[in-house]
Amino acid sequence: MFGHLIHLKCARHVGIFYRLFTRASRHRCLSEICQSDEKIRRFISENTEIVGEHSLTPEVKLRLLTPRCRFWRERPELWPFTDPYWAIYWPGGQALSRYVLDNPEVCRGKRVLDLGSGCGASAIAAKLSGAAHVVANDIDTVAAIATHMNCELNGLEPPVCVTSDLIGSEPEGFDLILLGDMFYDEALADSLHSWLDRCIRIHGAKVLIGDPGRAQFEGHNIRKLLHLLAQFELPDSVREENYGLTSSSVWRYHPEL
């Protein structure tokens, strides 16, 4: 499963993760290793690097997995958690966070959901832009702890972190929903399409999507219902790490179009 998602994500440095982690046990889980939050925080601190200056949001610091980190080359069976998608700053999330920081009025005073929040960068951007309430949703409990740590790096109170799967649930009253790099799988894209329609119809939520133009996104029906808001040229290092993708865009979802 991890290898399948990796190829759909189309990132070279995650291809390295694929080689590292697909050989690891498929049956290991957090409950088996009984990690406390403090032990997880210590593990993240010791096995990630604080970076940010080479992204689209150099003002935001994040703990990420880089070539200088132990687990870039360590034996995969020693990795104690599930797949580390939270340890990467995906190009769609970078564009989305840059757009929010450049246009703080989009978030100011709003109730914001960062769906599939990963490292928490878009949630951080929303908080920096004056959002009244921010929820970061990722089904990986380690991602929630990483988000807390990244908020602390940026001098912010952490957002509310929810680790249950909100897609398909009864929509809450969010004013704005942010999705970065979520359209990497056709089945997930279909469920997102349906759920986002309900969020807009029931609560009038505004939906912003960040994506670098992957095939699963460009070929999906939702693509016809999007209005381009901004396009950003990716830094050279991000291009190299993402199979030469040169730009990443932010779209507003308009199902009524």
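Let me start with a single residue, Gly244, which is partly exposed because its relative accessible area is 46%, a value that lies between the 20% and 50% limits used for buried and exposed. I should say at once that what we are looking at is a predicted model. Gly244 sits in the loop that runs between α10 and β9, the strand of residues 247-253. If you look for Leu234, you will find that Gly244 and Leu234 are separated by 10 residues in sequence and by 9.6 Å in space, taken from C-alpha to C-alpha.

Stepping back to the whole chain, the protein has 10 helices and 9 strands, and of its 257 residues, 55% count as buried. The accessible surface comes to about 11400 Å², and carbon and sulfur atoms hold 50% of that surface. When we take the contacts with a separation of 6 or more, 70% of them are between residues that stand 24 or more positions apart.

Now to the interior. In soluble globular proteins, nonpolar side chains tend to be buried together. Here the largest nonpolar core has 33 residues, and those with the most contacts inside this core are Leu62 and Val112. The elements that each contribute two or more residues to this core are the strands β2, β4 (133-137), β6 (176-180) and β8 (226-233), together with the helices α5 (91-102) and α6 (121-128). Another core, of 27 residues, lies apart from the largest one, and among its members are Val135, Leu179, Val207 and Phe217.

Which residues does Val112 touch, if we leave out those up to four places away in sequence? The list for Val112 is Cys107, Ala126, Ala131, His133, Val134, Val135, Phe174, Leu176 and Leu178.

I would like to finish with the second largest pocket, which has a volume of about 410 Å³. Of the 21 residues that line this pocket, Val51, His54, Leu64, Thr66 and Glu241 are the closest to its centre. Three elements, namely β1 (49-51), β2 (62-64) and α10 (236-241), each supply at least two residues of the lining, and α10 gives the most, with 3 residues. As for chemical character, the lining of the second largest pocket divides into 10 nonpolar, 7 polar and 4 charged residues.

If you have the structure open, β2 is a good element to follow with your eye, since this strand gives residues to the largest nonpolar core and also to the lining of the second largest pocket.

Technical notes:
Residues are numbered from 1 along each chain as its sequence is written. This is a predicted model: local features need pLDDT of at least 70, side-chain atom pairs count only at pLDDT 80 or more; totals for chains, interfaces and linings use all residues. Side-chain values use heavy atoms; hydrogens and water are left out. On a 1 Å grid over the protein atoms alone, a cavity is a set of points where a 1.4 Å probe fits but cannot get out, and a pocket is an open set with protein on both sides within 12 Å along at least five of seven lines; lining residues have an atom within 4 Å of a point. Grid points are joined across faces, edges and corners, and a volume is the space filled by probe spheres set on the points. Helices (H or I, at least four residues) and strands (E, at least two) are DSSP runs, numbered from the N terminus. Ala, Val, Leu, Ile, Met, Phe, Trp, Tyr, Cys and Pro count as nonpolar, Asp, Glu, Lys and Arg as charged, and the others, Gly among them, as polar. Buried means under 20% relative accessible area, exposed over 50%, partly exposed in between (1.4 Å probe, protein chains only). Contact means heavy atoms within 4.5 Å. Accessible areas come from the Shrake-Rupley method with a 1.4 Å probe; for residues, only the protein chains shown count as cover. A nonpolar core is a set of buried Ala, Val, Leu, Ile, Met, Phe, Trp, Tyr and Cys residues joined through side-chain atoms within 4.5 Å.
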